[in-house]
Amino acid sequence: MGRKLLEWDEWQPGLDTDQMSLAAVLDTMPKSDADDVPEIVRKYENPESPDALPGAISLARHDCLHVILGRGLHVQDEAFIIGVTMGADAAMTGTITEEFIRISTTLYPKVWRFQPDHIASYRLGVGFAMDNLKGANLHLTPWENEPYQSQTVAALRKGLGLVKAEMRAYYRKEELLVPGTRATRRLDTSGQREDRDLA
């Protein structure tokens, strides 16, 4: 009998998956279908849409970034991931940041709509990418394929130049900006375990 997958709101990979392969961590993630994403969200976030914003990424690639960045599946986590993906696109500008905020707070359906706490996390994600991943164009990397799937999470982070101490520093900022939410309480900010850059 296989291992029971966690519900979407329980799943949280955290930052201590270093020695696991990307595929192994993804195997623990609750599965979703791209068809479940509302049309208005696909209009701006699907790379195949003519109206796609910078950093628009396929669902499979987006899921891989949840693992690499150690984030769960709450809207607040999604906001941070989207911010990172957009911020890492060489075409990203401050005007586009504001346009996405307008779209995500007014046009998205209720369950998907960003609230003020989500906007704070989105802006942090954009800032994190601008500081650490500017021009990395994460949306163009086929994370869902080999050789990425069999690599360890540590190796993938190292390849991107990501350091867990810096990631934890951003998550500490998020704790201050968005205190008390379930997503915030699960952020890995302690750094009690030794951070290693393992290939």
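A salt bridge is counted here where a side-chain nitrogen of Lys or Arg comes within 4 Å of a carboxyl oxygen of Asp or Glu. The model is predicted, and this rule gives 12 salt bridges in it.

**Salt bridges**

One of these bridges joins lysine 164 to aspartate 16, with 3.1 Å from N to O. The two residues belong to distant parts of the chain, 148 residues apart: lysine 164 is in helix α8 (residues 164–177), whereas aspartate 16 is in the segment before α1 (22–26). Lysine 164 has a relative accessibility of 3% and therefore counts as buried. Aspartate 16 has a relative accessible area of 30% and is partly exposed.

Glutamate 144 and arginine 61 form another salt bridge, at 3.0 Å from N to O. This pair also links distant parts of the chain: glutamate 144 sits in the loop between α6 (116–132) and α7 (153–160), arginine 61 in helix α3 (residues 59–69), and 83 residues separate them. Glutamate 144 is partly exposed at 26% relative accessibility, while arginine 61 is buried with a relative accessible area of 19%.

In a further salt bridge, between arginine 186 and aspartate 77, the closest N and O atoms are 3.9 Å apart. Arginine 186 lies in the segment after α9 (182–185) and aspartate 77 in helix α4 (residues 75–87), so the bridge ties together parts 109 residues apart in sequence. Aspartate 77 is buried, its relative accessible area being 0%.

The three bridges are listed below.

| Salt bridge | N to O distance |
|---|---|
| Lysine 164 – aspartate 16 | 3.1 Å |
| Glutamate 144 – arginine 61 | 3.0 Å |
| Arginine 186 – aspartate 77 | 3.9 Å |

Salt bridges also link Asp16, Asp18, Arg157, Lys164, Arg168 and Asp188 in a network.

**Nonpolar cores**

In soluble globular proteins, nonpolar side chains tend to be buried together. In this model the largest nonpolar core has 31 residues. Leu69, Val84, Phe128, Leu133, Leu138, Trp143 and Leu162 have the most contacts inside this core. At least two of its residues come from each of α1, α3, α4, α6, α7 and α8, and α3 gives the most, with 5 residues.

Phenylalanine 128 illustrates the contacts made by one core residue. Leaving aside residues up to four places away in sequence, phenylalanine 128 touches Leu69, Phe80, Val84, Leu133, Leu162, Glu166, Met167 and Tyr170. A second core, separate from the largest one, has 17 residues, among them Val37, Val41, Phe114 and Ile119.

**Aromatic pairs**

The model has 8 aromatic pairs. In one of them, phenylalanine 100 and phenylalanine 114 meet edge-to-face, with 5.6 Å centre to centre and 80° between the planes. Phenylalanine 100 lies in helix α5 (residues 94–106) and phenylalanine 114 in the loop between α5 and α6, so this pair joins parts 14 residues apart in sequence. Both rings belong to buried residues: phenylalanine 100 has a relative accessible area of 1%, and phenylalanine 114 has a relative accessibility of 5%.

Phenylalanine 114 also pairs edge-to-face with tyrosine 108, at 6.5 Å centre to centre and 85° between the planes. Tyrosine 108 counts as buried at 1% relative accessibility.

Elsewhere, Phe80, Phe128, Tyr170 and Tyr171 make up one aromatic cluster. Lysine 173 lies over the face of tyrosine 170, at 4.1 Å from the ring centre.

**Helix α4**

Helix α4 has 13 residues, and the distance from its first C-alpha to its last is 18 Å, close to the 18 Å expected at 1.5 Å a residue. Of its 13 residues, 11 are buried, so α4 is largely enclosed by the rest of the structure. The buried residues are Gln76, Asp77, Ala79, Phe80, Ile81, Ile82, Gly83, Val84, Thr85, Met86 and Gly87. They are covered by elements including α2 (39–45), α3, α5, α6, α8 and α9.

Several of the features above meet in this helix. Asp77 is the partner of arginine 186 in a salt bridge, Phe80 is part of the aromatic cluster, and Val84 is among the residues with the most contacts inside the largest core. Phe80 and Val84 are also both touched by phenylalanine 128.

Conventions:
Residues numbered from 1 in each chain as written. Predicted model: local features only at pLDDT ≥ 70, side-chain atom pairs only at ≥ 80, totals over all residues. Heavy atoms only, no water. Helix = DSSP H or I, 4+ residues; strand = E, 2+ residues; numbered from the N terminus. Buried < 20%, exposed > 50% of the residue type's maximum accessible area, 1.4 Å probe, protein only. Core = buried A, V, L, I, M, F, W, Y, C linked by side-chain atoms within 4.5 Å. Contact = heavy atoms within 4.5 Å. Phe/Tyr/Trp six-rings, centres within 6.5 Å; stacked < 30°, edge-to-face > 60°. Lys NZ or Arg CZ within 6 Å of the ring centre and 35° of its normal. Expected span 1.5 Å × (residues − 1).
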